[in-house]
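Hello,

Here is the structure I promised to pass on. Have a look at it first, and then read on for what turned up.

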Amino acid sequence: MERAAMKKKVKALLEKIKLINDTPHSIAMGVTCSVFAAFTPFFFFKTIIAVVLARLLRGNITAALITMGLFAILIIIPIAAMYPQYEVGVILLRTKDEVPPEIFTSDKLNLTYLWHNMKSVGAPLLVGSLLTSFLLSLAVYPITLNIIIKIRERMAKKAHTDPIPESVD
């Protein structure tokens, strides 16, 4: 995808989040649930995880789905995070680092290798990704909440200060 087209799609999705008719908390929670899910290694289940978490945590499901759409466009970001997440898991589980970093690059992401080496790769990747996803989500929630509140304040202020055009006679 071209950079300009990608930027346009990202901007359109962010605009949709801004226009969701729900509380700032609910929208921020929906976004947060998607951020958590996007940085887990559950490739084909991320959207389901985001929606279920949003439902359980009373987040906005639409915000969760739109945010997952953003990560579908910007897929390189969660993939780039996989090796550092794996390394965190190796440290936490005190296991040997047996995987070359190239396995986790976007052009060489080898799901078959990861699947067949689930014991040596899966556990550290899972533990590392859950921890880093959780910590990232803790940071994303207040940032998103504040952004939504400021956008709402700006929209309310604009709605009250824009003069109503008078009829021309």
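**Nonpolar patch and cores**

Helix 3 (46-56) and helix 7 each contribute at least two residues to a nonpolar patch on the surface. Please keep in mind that this is a predicted model. The patch covers about 880 Å² and is built from F42, F44, F45, I48, V52, L56, L57, L126 and L130. Helix 3 is its main contributor, giving 3 residues.

Which of these residues might you look at in helix 7? One is L130, which is found in that helix. L130 has a relative accessible area of 33% and is therefore partly exposed, as this value lies between the 20% limit for buried and the 50% limit for exposed. Residues need over 30% to count towards a patch, and L130 is at 33%.

Now to the inside. As you know, nonpolar side chains in soluble globular proteins tend to be buried together. Here, the largest nonpolar core has 20 residues, and the members touching the most others are I17, I27, V31, V35 and F39. At least two residues of this core come from each of helix 1 (3-18), helix 2 (24-38), helix 4 (61-73) and helix 7 (118-161). Helix 4 provides the largest share, 6 residues.

V31 is a good place to start browsing. Beyond its neighbours within four places in sequence, V31 is in contact with I17, A63, T67, V140 and T144. There is also a second, separate core of 6 residues, with Y86, V90, V121 and L125 among them.

Happy exploring, and best wishes!

Notes: Residues are numbered from 1 along each chain as its sequence is written. This is a predicted model: local features need pLDDT of at least 70, side-chain atom pairs count only at pLDDT 80 or more; totals for chains, interfaces and linings use all residues. Side-chain values use heavy atoms; hydrogens and water are left out. A nonpolar core is a set of buried Ala, Val, Leu, Ile, Met, Phe, Trp, Tyr and Cys residues joined through side-chain atoms within 4.5 Å. Buried means under 20% relative accessible area, exposed over 50%, partly exposed in between (1.4 Å probe, protein chains only). Helices (H or I, at least four residues) and strands (E, at least two) are DSSP runs, numbered from the N terminus. Contact means heavy atoms within 4.5 Å. Patches are made of residues with over 30% relative accessible area and no salt bridge: like charges are joined within 9 Å, nonpolar side chains (Val, Leu, Ile, Met, Phe, Trp, Tyr) within 5 Å. Accessible areas come from the Shrake-Rupley method with a 1.4 Å probe; for residues, only the protein chains shown count as cover. A salt bridge is a side-chain nitrogen of Lys or Arg within 4 Å of a carboxyl oxygen of Asp or Glu.
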